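Q: I'm new to this structure and would rather know one corner of it well than skim the whole thing. Please pick a part, walk me through it slowly, and tell me just enough about the rest that I can find my way.

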Amino acid sequence: MIGTVTKPMEEIYHYLQGEKKVIVVGCDGCARISHTGGEPEVNSMADKLEEKGFNVIARILPERTCYIHKTKKAFAPYDNEIKEADSFLVLGCGGAVQVVRQVTEEKGIYKPIHPGLNSIGHMDTIIEDTLFLEQCQECGECILEETGGICPVTKCAKGLLNGPCGGAENGKCEVDRNRDCAWILIYERLKRLGQLDRLKSYKPPKNYSKMSKPRMLQLNL
Ligand code: SF4
Ligand code: SF4
């Protein structure tokens, strides 16, 4: 799930300066789970804009805005409003904003598409319904086999592949004393597994070409 937080309203009002007719687009996927772009948040945002004097001419909630075909389907009944709007405010991740741009461009519509949220990372772990954690940065070259199932790329503040750095104190990271040192966690885990030998093998620098952006996944089914 892509984690998102709502941008400050002042920033959003600034984006919308000089515009009158606005379409608010949410996302019933990740943004709904983050409570930033589901139906209640779309309605609340639209109400705030109307109180501020904007004319919200449509509220659209694609099932998942990052799916181009789902966004096209959600936009289909709103052709007139899409032509009439001055701009769009998207309560979805950065991908969703760009999908709305693509879908409107395909209709020959070139209007500002404003981001209403900040995307803060791929929250791959759900601890509770209201607490999410990033544990993997999708580096394209997974080394969890070597590190006892704990990712140093994500959990170590310096992303060290051959840690620890020497700055840990009482098991806490020198960069943030509230966080456990990833490499001490790795050590403890490997010790329990009887695999401390793994710490002796040098892990070469990662092949960052595997992280070169933008990445694409083509399935050959
Ligand atoms: S090494 Fe870490 S960042 Fe890379 S794929 Fe594995 S878990 Fe993800
Ligand atoms: S103290 Fe541990 S987690 Fe923090 S930067 Fe050093 S090795 Fe990484």
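A: Here is a quick overview, followed by a close look at the surroundings of the two ligands.

First, the ground rules. This is a predicted model, where local features need pLDDT of at least 70 and side-chain atom pairs count only at pLDDT 80 or more, while totals for chains, interfaces and linings use all residues. Residues are numbered from 1 along each chain as its sequence is written, and chains are lettered from A and ligands numbered from 1 in the order in which they are written.

Now the big picture. The chain is assigned domain 1 (2-122) and domain 2 (137-208), with bounds that come from an automatic or database domain assignment. Their C-alpha centres sit 40 Å apart. The C-alpha atoms fill a box of roughly 65 × 40 × 25 Å along the principal axes. The radius of gyration of the chain is 22 Å, against near 17 Å for a compact globule of 221 residues; this radius is taken over C-alpha atoms, and the globule rule is 2.2 Å times the number of residues to the power 0.38. You'll find eight helices and eight strands, which are DSSP runs numbered from the N terminus (helices are H or I, at least four residues; strands are E, at least two). Of the 221 residues, 29% are buried. Buried needs 20 or more other C-beta atoms within 10 Å of the residue's own, exposed means 12 or fewer, and partly exposed is in between, with C-beta atoms placed from the backbone.

Let's walk towards our part along the chain. Just before domain 2 begins at residue 137, there's a hairpin made of β7 and β8, with two residues between the strands. The strands β7 (residues 125-128) and β8 run antiparallel and are joined by three bridges; two strands pair if DSSP finds at least two bridges between them. One spot to look at is T125, which stands opposite L133 in β8.

Past β8 (131-133) comes the loop that leads to α7, and E138 is in it. E138 is also one of the residues around ligand 1, along with C136, Q137, C139, C142, I143, L144, C151, V153 and T154. To be listed, a residue must have its C-beta atom, placed from the backbone, within 6 Å of the molecule. That shell divides into seven nonpolar residues, two polar and one charged. Here Ala, Val, Leu, Ile, Met, Phe, Trp, Tyr, Cys and Pro count as nonpolar, Asp, Glu, Lys and Arg as charged, and the others, Gly among them, as polar.

E138 has a backbone quirk too: its phi is positive, about 50°, though it isn't a glycine. Most residues other than glycine have a negative phi, and most peptide bonds are trans. E138 counts as exposed because it has 12 other C-beta atoms within 10 Å.

E145 lies in the loop between β8 and α7 as well. It is exposed, since it has 9 C-beta neighbours inside 10 Å. Its C-alpha atom is 9.5 Å from that of R198, although the two are 53 residues apart along the chain.

On to ligand 2. It has 15 residues around it, and the closest are C156, P164, C165, C173 and C181. By type, the shell has eleven nonpolar residues, two polar and two charged.

P164 sits in the loop between α7 (152-155) and α8 (182-193). The peptide bond leading into P164 from G163 is cis, with omega near 0°. There's another cis bond further along, from K213 to P214, with omega near -10°, and P214 is in the segment after α8.

C165 is in the loop between α7 and α8 too. With 15 other C-beta atoms within 10 Å, C165 comes out as partly exposed. Leaving aside residues up to four places away in sequence, C165 touches K158 and L160, where contact means C-beta atoms, placed from the backbone, within 7 Å. C165 and A182 are 17 residues apart in sequence, and their C-alpha atoms are 10 Å apart in space.

Note on methods: Contact = placed C-beta atoms within 7 Å.
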